[in-house]
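User: I'm new to reading protein structures and could use a hand with one. Can we go through it together, one question at a time?

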Amino acid sequence: MARTCIYCGGGPLNREHALPDWLKGNTPHVGDLRDYEVTRGLVGGPTKTLDSNPYELKVRAVCGNCNHGWMSDLEQTTKPWLLPLLHQKDRELPPFALALIAAWVFKTYRMMALANRAPNERDPVPHEHDRVLYEQGVPPSAASVFIGNSILSPYRPLFRPGWHPDVILWRPDEPPFDKASGPSSIQGDIYGATLGIGHFVAEVVGNTFDGGLTLLNIQPASMIADRMIRIWPIAAGIGPGGPVVWPPPPLSDDEVFATAAGLMEWFRALPLSPDHVRERHPPKGLQ
Ligand SMILES: [Zn+2]
């Protein structure tokens with residue numbers, strides 16, 4: 001665990017709830033909140049069901065100044081926009097609200113990932129990516145954020161982090177062994193998670209290629225592409241391009257779980273042949 005705040009680099013660190021307190025009393029759920037499932041580490045790796053209430057989960061990763069300062073402000077400004085999504089209410093979400101929600105999703109992903117991390121597990125997210133959120137109030141451009149609407153089921157809250165270390169992307173326009181034209185491949189980690197709270201589902205898909213590439217053509221599997229809405233990063237012609245009318249048609253549980261298990265699949269949508277996405281040590285269960 002980091003000894004200094006992942007955002008400002010200061011200290012001392014406080015033990016804080018990984019999920020904000022206001023969610024606890026404002027989120028619909030069915031079933032027993034203690035049946036809380038987390039897939040640790042690599043996708044396809046061991047699944048652990050925590051016998052605890054996820055709203056009681058704590059993490060020691062940020063300082064009191066951050067927690068009670070900008071992070072608290074982010075909760076308060078995002079809460080009115082998130083509440084209708086948690087409850088599947090009709091709402092129009094303007095672009096500034098989508099940017100707030102993207103920041104909230106990335107922050108919550110980080111808190112949940114660090115709270116669920118095994119003691120010796122490496123943190124796949126570079127310090128620089130957290131600094132972007134701290135300094136600019138938005139997720140790093142190397143992390144894409146998609147949101148959707150799901151049916152309510154006992155599997156909420158749901159958190160499934162995943163990461164793939166040492167993924168090699170071959171540049172498709174350069175033969176792998178053509179040294180004259182520069183490096184033919186870049187290497188990095190892919191990180192992310194699926195987060196499901198109430199009716200709200202979010203997916204974070206980040207990378208550290210060359211420190212973190214802005215990959216605007218990452219996309220969900222085609223079966224859910226029309227229902228998962230990109231809210232970060234957005235650019236001309238990429239993303240909603242205006243207000244989003246909520247809710248989109250709901251995802252089934254099977255679709256949410258398929259999204260959670262398929263982190264690498266998002267990268268197969270890049271204009272690379274499947275052969276161009278390779279791994280040194282393919283995680284068990286990937287193929
Ligand atoms: Zn701090």
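User: Where does arginine 3 lie along the chain?
Analyst: This is a predicted model, so keep that in mind as we go. Look at the start of the chain, where strand β1 covers residues 13-17. Arginine 3 sits in the segment before β1.

User: Is arginine 3 buried or exposed?
Analyst: Let's count neighbours: arginine 3 has 8 other C-beta atoms within 10 Å. A residue with 12 or fewer counts as exposed. With its 8, arginine 3 is therefore exposed.

User: What separates the C-alpha atoms of arginine 3 and leucine 13?
Analyst: Along the chain, arginine 3 and leucine 13 are ten residues apart. In space, their C-alpha atoms are separated by 7.3 Å.

User: How many helices and strands does the chain have?
Analyst: The chain has 287 residues, and 38% of them count as buried. For contacts with a separation of 6 or more, 75% come from residues 24 or more positions apart. As for secondary structure, the chain comes to seven helices and twelve strands.

User: In which element is confidence lowest?
Analyst: Over the chain, the mean pLDDT is 82, and 79% of the residues reach 70 or more. Helix α3, residues 70-86, has the highest confidence, with a mean of 98. Residues 271-287 stay under 50, though the model has 29 contacts for them beyond four places in sequence. The lowest mean, 43, belongs to strand β12.

User: Which residue marks the kink in α3?
Analyst: Start with the length: at 1.5 Å a residue, the 17 residues of α3 should span 24 Å, and the end C-alpha atoms are 23 Å apart, which agrees. Still, α3 has a kink of about 50 degrees, shortly before proline 80. The kink lies at lysine 79.

User: Which elements do the buried residues of α3 pack against?
Analyst: First, who's buried there: Met71, Thr78, Leu82 and Leu85 are buried in α3. The buried residues of this helix pack against β4, α2, α4, β9 and β11.

User: What is the phi of glutamine 88, just after α3?
Analyst: Glutamine 88 is in the loop between α3 and β5. It has 18 C-beta neighbours inside 10 Å, so it counts as partly exposed. Although glutamine 88 is not a glycine, its phi is positive, at about 60 degrees.

User: Is aspartate 210 buried or exposed?
Analyst: Aspartate 210 is in the loop between β9 and β10. Like any residue with a positive phi other than glycine, it is worth a look: its phi is near 50 degrees. Because aspartate 210 has 12 C-beta neighbours inside 10 Å, it counts as exposed.

User: Which residues touch the most other members of the largest nonpolar core?
Analyst: Here's the general idea: in soluble globular proteins, nonpolar side chains tend to be buried together. In this model, the largest nonpolar core has 66 residues. Helix α4, residues 95-115, gives the most to this core, with 14 residues. The residues touching the most other members are Val105 and Val145.

User: How many residues of α4 are buried?
Analyst: At 1.5 Å a residue, the 21 residues of α4 should span 30 Å, and its end C-alpha atoms are 30 Å apart, which agrees. Leaving out residues up to four places away in sequence, valine 105 touches Val145, Leu195, Ala202 and Val204. The helix is mostly covered, and the number of its 21 residues that are buried is 17.

User: Which residue stands opposite valine 145 in β10?
Analyst: Six of the seven residues of β6 (residues 143-149) are buried, so this strand is largely enclosed by the rest of the structure. Seven bridges join β6 to β9, running antiparallel, and three antiparallel bridges pair β6 with β10. In β10, the residue opposite valine 145 is tryptophan 232.

User: What is omega for the cis peptide bond between tryptophan 246 and proline 247?
Analyst: One cis bond joins tryptophan 232 and proline 233, with omega about -20 degrees, and proline 233 is in the loop between β10 and β11. Proline 247 lies in the loop between β11 and α6. The bond from tryptophan 246 to proline 247 is cis too, with omega near 0 degrees.

Definitions and conventions:
Residues numbered from 1 in each chain as written. Predicted model: local features only at pLDDT ≥ 70, side-chain atom pairs only at ≥ 80, totals over all residues. Core = buried A, V, L, I, M, F, W, Y, C linked by C-beta atoms within 7 Å. Buried ≥ 20, exposed ≤ 12 C-beta atoms within 10 Å, placed from the backbone. Helix = DSSP H or I, 4+ residues; strand = E, 2+ residues; numbered from the N terminus. Contact = placed C-beta atoms within 7 Å. Expected span 1.5 Å × (residues − 1). pLDDT = per-residue confidence, 0-100. Pairing = 2+ DSSP bridges. Bend = angle between axes of the 7 residues up to and from the residue.
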